[in-house]
Every structure is written in C-alpha cells, then in structure tokens.
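Open your viewer, load the model and keep the selection box handy. We'll hop from one stop to the next.

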Amino acid sequence: MKRYISITAAVLLAAMTWLGCKKDQPVDEDGLLITTRAECYVSNFELLGADFQTVRTKNAVIDTTACTINVEVFFGTDLKNLWPQFSLVTDAKLDPKITGKVDFSDLANPKQYTVVSGNRQVRKTYKIFITVKP
C-alpha cells in the first residue's frame, strides 16, 4: 500500500512540476495579455462632464472605416474638463491611456486615440470631432 501512495505522490509531484514550468502567456509592457485577436475598433464612445454625467446630446457616430467619432455636446459644456470613455473590441487597448480629464477645447485640432489589437500588430487611430449644439 505504501508503494502505491509513493508512486501516486511521485506522479502528482512530476505533473505539478511540469505545469509549473510551462511557459507563461505573453504580456505587453502594461501587463496585459497578448492574444491572437487582430480585431481593432471602437464599439461605443461616451463623454462625461465634471459631474460624471453625459454631455452628449445624442449617441456618438462612430465610423470604423474612416476611424472617426463625431459627438455633439450641449451648449455651455466645459470642453476643458471632459472624461472620454471608450468601449473597445475584446483584448484591444487604447493609446494614450486616459488617466484624467481631457481638454477638448481646441475644436480645430481633434484629439486622437489609437486602438491597438489584442495581438498588438494592428493599430487604428481615431479622431474625435466635437460639435457644440447651438
């Protein structure tokens, strides 16, 4: 009986050692898992004011072919203190990262954000055009 327990323990130890030595999944510089997905697009966009309420008058128009996002905001919106929020395809990431309020007051030069695919091979840069409702 002792012999079977010893053999079972040795097999379990070998299996655990093999699993422990298995190569980890690759991660990028942000510690995010790099996958095989090549999809790269924005599926939804939100723009919040300083009170974390939406400042959009209607849904943003996202053109994934032209890589543009058109947003109309309420008259009087403080364009210097806005929080953009992106919904991306699975495993994609945004560059640059959004770490705080963003100044969108320069309407002649729209802000640009790049979506990077899960495999980190495809990059699409989106321009955000803001229009203030009269």
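Where is I98 found? Select I98 and you land in the loop between β5 (93-95) and β6 (111-116); helices (H or I, at least four residues) and strands (E, at least two) are DSSP runs, numbered from the N terminus. Before we go on, some housekeeping: this is a predicted model, where local features need pLDDT of at least 70, side-chain atom pairs count only at pLDDT 80 or more, and totals for chains, interfaces and linings use all residues. Residues are numbered from 1 along each chain as its sequence is written, and side-chain values use heavy atoms, with hydrogens and water left out.

**Around I98**

Stay on I98 and show its surroundings. Leaving aside residues up to four places away in sequence, I98 touches P84, F86 and Y113, where contact means heavy atoms within 4.5 Å. Its relative accessible area is 29%, so I98 is partly exposed; buried means under 20%, exposed over 50%, and partly exposed is in between (1.4 Å probe, protein chains only). Now add W83: C-alpha to C-alpha, W83 and I98 are 8.1 Å apart in space and 15 residues apart in sequence.

**Strand β1**

Next, select residues 42-48, which is strand β1. This strand is mostly covered, with five of its seven residues buried. Bring up residues 83-88 as well: that is strand β4, which runs antiparallel to β1 and is joined to it by six bridges. Two strands pair if DSSP finds at least two bridges between them. To see one of these matches, pick N44, whose bridge partner in β4 is S87.

**The cysteines**

How many disulfides does a search of the whole structure find? The search finds zero, a disulfide being a pair of cysteine sulfur atoms within 2.5 Å. Select C40 and C67 to see a pair that doesn't make it: the C67 sulfur is 7.8 Å from its closest cysteine sulfur, in C40, so it is too far for a bond. C40 has 3% relative accessibility and so counts as buried. C67 is buried too, at 12% relative accessible area.

**Salt bridges**

Switch to charged side chains. The structure holds eight salt bridges, each a side-chain nitrogen of Lys or Arg within 4 Å of a carboxyl oxygen of Asp or Glu.

Start with K97 and D30, whose closest N and O atoms are 2.9 Å apart. This pair links distant parts of the chain, 67 residues apart: K97 is in the loop between β5 and β6, and D30 is in the loop between α1 (2-21) and β1. K97 counts as exposed at 52% relative accessibility, while D30 is partly exposed at 33%.

Then select D91 and R37, a salt bridge with its closest N and O atoms 2.7 Å apart. Why does this pair tie together parts that are 54 residues apart in sequence? Because D91 lies in the loop between β4 and β5, and R37 in the loop between α1 and β1. Both ends are partly exposed: D91 has a relative accessible area of 29% and R37 one of 39%.

Now pick R56 and E46, where the closest N and O atoms of the salt bridge are 3.0 Å apart. R56 sits in the loop between β1 and β2 (61-63), and E46, ten residues away, is in strand β1. Are they buried or exposed? R56 and E46 are both buried.

For the last stop, select D28, E29, D30, K93, K97 and R120 together: salt bridges that share partners join them into one network.
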